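Student: Before we discuss any labels, could we look at the model together and go through the terms one at a time?

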Amino acid sequence: MINAILVFNNHGKPRLVRFYRHLAEEAQQQILRDAFHMVLRRDEHVCNFLECGSLFGSPDCKLIYRHYATLYFVFCVDSSESELGILDLIQVFVETLDKCFENVCELDLIFHMDKGGLSAAPSRAVSAMKNINLPEMPRNISIGDINIKVPNLSQFM
């Protein structure tokens, strides 16, 4: 089960936070601080899976993360989730954000949280993975309530 999705910058400032369990505000802030410090201390050349003890009150909690430019994308999950599956989900989540914002950056998450219903982007990323086999170049891409018109690129080739 995914307990939380945390996106923070290199300085630990939260940019997108979604908890899937009800927790007090103080507990959420403590989880954000602990997760950031655990991920930040890791060397760049080690795996992106991290046992985090009882961060969510259960001993089988794991952090699975990816670092893109100035943002850390961290999924807090229990032992029932596949680490590689969550890494793929993070990749699709970032690709979905890239489509929403045309190369997502930290400022997009700060100033355009409402664009395209960003809070539902993780579920859109999951549904986008199911439809990944496209027989031809799409002309209109619809992800939930976001419609993206793909320009005709044949004139440039």
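Tutor: This is a predicted model, in which local features need pLDDT of at least 70, side-chain atom pairs count only at pLDDT 80 or more, and totals for chains, interfaces and linings use all residues. Residues are numbered from 1 along each chain as its sequence is written, and side-chain values use heavy atoms, with hydrogens and water left out.

Student: Why is Asp 78 said to have no salt bridge?

Tutor: A salt bridge requires a side-chain nitrogen of Lys or Arg within 4 Å of a carboxyl oxygen of Asp or Glu. The nearest side chain of opposite charge, Lys 62, is 7.0 Å away from Asp 78, so the criterion is not met. Asp 78 is nevertheless buried, a term that means under 20% relative accessible area with a 1.4 Å probe and protein chains only.

Student: What makes the link between the side chains of Asp 78 and Ser 80 a polar contact?

Tutor: The term asks for a pair of N or O atoms within 3.5 Å, and within protein one must be able to donate a hydrogen and the other to accept it, while residues adjacent in sequence count only if both atoms are side-chain atoms. The Asp 78 and Ser 80 side chains are joined at 2.6 Å, and therefore qualify. The side chain of Asp 78 also reaches the backbone nitrogen of Met 1, at 2.6 Å.

Student: How do you know that S1 and S2 pair?

Tutor: Two strands pair if DSSP finds at least two bridges between them; strand S1 (residues 2–9) and S2 have 5 bridges, in the antiparallel sense, and therefore count as paired.

Methods. Buried means under 20% relative accessible area, exposed over 50%, partly exposed in between (1.4 Å probe, protein chains only). Lys and Arg count as positive and Asp and Glu as negative; His and the chain ends are not counted. Helices (H or I, at least four residues) and strands (E, at least two) are DSSP runs, numbered from the N terminus.
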